[in-house]
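Work through the exercises below with the sequence and the model open beside you. Each task is followed by a solution in steps.

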Amino acid sequence: MIVLPSIAFGGFSGSAKDVTARHVGGRSILSVRSWPTGQKTNAQVARRASLARITKSYQTLTADQMIAWERLAEHTSGQSVFGQKAELTGINLFVRLNVSRVMAGESILKDAPAMIAALPLVSYSALWITPKTVIIKGIAHEVGLKLVVKMTGGQSAGVSSGWSKAVIVSPGMEDDWGDADMTYLYFKTIGVKPSVGEKIFLEMYWLDPASGVVGPSIQTSKVVESEEDAEAEGYVKREKITMADVKEDSHVSECDVDFSTNAPVVSFDTVCLGHSNVASSYAYLEDDLPADCLGTSMALGRGMGDGNAALAAQSYIIWLRNSSWDGANICFAHRGGYYVKPTEVFGPGILY
Amino acid sequence: MAPASSTNTAMFNSTGNNFGAGTIQFKDYQAENYVVLNAKITYDPSNADYQAADVLEIYVPDLSINRSAVAGVFLTFQDRYVYSSYTWNNDGGTAVKSWIKDKNTICIEKLTNFDDKAEHTIFILALYPSLNQGGGTIKGTRTAIQMTQETRYLYWSSDTFCVIFEHWVFLHMQFSSCSYSYRNQPWEANMGNFPTDVCADVPFLGGSNQYNPSVNGYSLAHVENGVFTCQERMSGFDSTGYDPFIFAFLVRDGE
């Protein structure tokens with residue numbers, strides 16, 4: 001039988017079995033230790049190790065740095081509980097901000113930021129989830145901020161609140177001209193494709209990678225529908241080729257060909273490796289190109305080699321075709337300037 | 001502030017830059033979702049502003065788009081060596097990346113490889129597109145340019161063509177060869193099928209560059225009233241395998 005501390009009365013602090021009492025800012029807080037259920041994932045292990053590393057690194061700060069974090073914490077409130085704002089200590093704030101930063105691929109911030117600015121809510125127009133596609137459309141771009149997206153695996157359509165099961169699918173991505181295509185990240189993180197009729201819960205918020213501050217989160221859910229139903233409801237697939245669409249035996253190490261300009265040019269960002277003794281590179285595609293993407297283009301290139309003419313400007317004629325002989329492909333054929341392997345072909349290319 | 005020239009061709013001046021280039025004059029066509037800009041910018045790479053910049057920025061009045069995908073512009077430099085009575089021309093150049101960062105800022109990648117040269121010239125002859133615009137790419141029509149001369153001494157690749165639009169034109173020219181006796185003369189040729197309302201200096205990139213082997217040679221050409229001219233070429237201009245070419249999105253002046 002536990003005698004002390006008595007958590008029935010204020011003024012005590014300490015732990016008794018799985019219950020911890022704290023006295024913070026004139027109020028008593030009781031918390032029950034939670035134990036993880038299920039098997040640890042690699043992501044969980046990595047995140048806990050990161051948390052430990054960040055906490056430990058606080059001890060390496062100079063006295064002035066710690067004072068700066070304490071001062072900032074005095075002016076920063078934690079999450080409100082029961083209508084009363086919690087107070088943060090310097091180390092609490094240091095850990096909170098740096099966990100977000102490290103998650104977004106940034107280094108640990110040792111100097112406290114001068115101030116913490118409020119971030120906006122994520123504004124978007126549509127969420128489409130089909131067995132082939134997971135995409136958030138119409139995101140209002142926020143300069144310098146990264147989008148954090150948490151999602152669940154497929155739940156029963158009858159579940160009304162599943163956000164507690166959401167895991168981080170994108171630790172910090174920039175929207176791609178208003179789109180956040182989560183398809184690859186979702187499949188990679190969750191491990192299975194969503195099935196029609198399942199319900200997916202999603203939470204997202206902005207992260208300022210410079211300070212580690214995160215904005216308010218927005219929660220939503222969506223029942224997975226078929227590609228056909230999504231298209232009937234207004235989903236328009238963006239015409240774009242990425243490495244995910246390119247077969248392994250291709251001669252490109254990067255391939256981003258974007259037709260969505262609504263202008264007379266295609267946008268290229270491709271690294272051509274060349275092949276055999278021919279001054280061209282093929283990107284062999286998994287699926288046929290849509291009819292309105294077929295044709296010929298011409299774009300600029302610049303060498304990426306390390307020998308003669310390493311930085312040579314070049315022009316490339318680009319054939320976009322569905323061939324009955326070798327399937328759908330994009331052929332980048334050298335024209336002007338000195339031919340170099342590898343070369344990046346970039347920028348707008350006229351299409352005819 | 002209204003766009004400098006909404007869906008129309010005009011000219012405007014820069015309001016500043018971060019690399020010591022003075023005022024820059026642009027010829028422009030601005031549509032709702034893309035802009036075509038033409039400008040020629042000269043600066044001294046030893047100046048303090050240039051040295052301090054990570055990315056070259058040009059500040060301009062409101063553009064019609066508030067960001068763009070990457071486009072290509074040309075960085076060129078002059079490099080001459082005098083041997084007794086002969087001047088060895090090693091002028092060079094390459095493509096650098098450029099993009100619109102916001103309505104008032106055009107960015108250009110800073111390539112420091114040629115900062116030892118006395119003067120740089122950047123040619124902006126570019127179309128800056130926006131992406132995810134709710135529609136696909138609009139196709140144009142390829143028009144072969146008929147290069148003619150009273151006495152024929154210039155020969156061009158079949159990939160010498162243009163794609164003509166109402167307010168601008170895309171131009172690609174690729175040199176094949178020149179009759180030996182004309183190789184050091186000023187060149188002039190008529191550009192049949194090419195719009196006559198285009199007037200621009202254009203970099204002619206290609207040729208082996210002995211003293212700057214990391215890049216092609218650079219020679220200056222000019223297009224005006226449907227006539228192509230090129231006063232002089234760099235020393236390795238007609239080296240095999242270094243095919244000189246012109247790649248430009250050019251604003252039309254309107255007829």
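**Exercise 1. Confidence**

Task: Find out how far pLDDT supports residues 1-6 of chain B, and how many contacts beyond four places in sequence the model has for them.

Solution. Step 1: pLDDT is the predictor's confidence in each residue, on a scale from 0 to 100. Over residues 1-6 of chain B it stays under 50. Step 2: the model has 20 contacts beyond four places in sequence for residues 1-6 of chain B, where two residues are in contact if their C-beta atoms, placed from the backbone, lie within 7 Å. Step 3: where pLDDT is low, the predicted coordinates should not be read in detail. Step 4: chain B averages a pLDDT of 94, and 96% of the residues score at least 70. For the complex, the predictor gives an ipTM of 0.95 and a pTM of 0.82.

Some conventions apply throughout. Residues are numbered from 1 along each chain as its sequence is written, while chains are lettered from A and ligands numbered from 1 in the order in which they are written. The model is predicted, so local features need pLDDT of at least 70 and side-chain atom pairs count only at pLDDT 80 or more, whereas totals for chains, interfaces and linings use all residues.

**Exercise 2. The build of chain B**

Task: Describe the secondary structure and the dimensions of chain B.

Solution. Step 1: chain B has one helix and 21 strands; helices (H or I, at least four residues) and strands (E, at least two) are DSSP runs, numbered from the N terminus. Step 2: the radius of gyration of chain B is 19 Å, close to the 18 Å of the globule rule for 255 residues, so chain B is as compact as a globular protein of that length. The radius is taken over C-alpha atoms, and the rule is 2.2 Å times the number of residues to the power 0.38. Step 3: along the principal axes, the C-alpha atoms of chain B fill a box of roughly 55 × 45 × 30 Å. Step 4: of the contacts in chain B between residues at least 6 apart in sequence, 69% join residues at least 24 apart.

**Exercise 3. Two domains of chain B**

Task: Locate the domains of chain B and say what each gives to their contact.

Solution. Step 1: the bounds, from an automatic or database domain assignment, are 9-129 for domain 1 of chain B and 142-251 for domain 2 of chain B. Step 2: their centres, taken over C-alpha atoms, are 21 Å apart. Step 3: domain 1 of chain B puts 23 residues into the contact, and domain 2 of chain B puts in 23 residues. Step 4: on the domain 1 side, the largest share, four residues, comes from β11(B).

**Exercise 4. Where the chains meet**

Task: Which element supplies the largest share of the side of chain A that touches chain B?

Solution. Step 1: 40 residues of chain A are in contact with 44 residues of chain B. Step 2: β15 (265-272), β17 (295-303), β18 (313-323) and β20 (343-351) of chain A each supply at least two residues of that side of chain A. Step 3: the largest share, five residues, comes from β20(A).

**Exercise 5. A sheet in chain A**

Task: Which strands are the edges of the open sheet β6-β7-β10 of chain A?

Solution. Step 1: the three strands lie in that order with antiparallel pairing; two strands pair if DSSP finds at least two bridges between them. Step 2: β6 (126-129) and β10 (180-181) of chain A are the edge strands, each pairing on one side only. Step 3: two bridges join β7 (residues 134-137) of chain A to β10(A), and A:Ile136 stands opposite A:Ala180 in β10(A).
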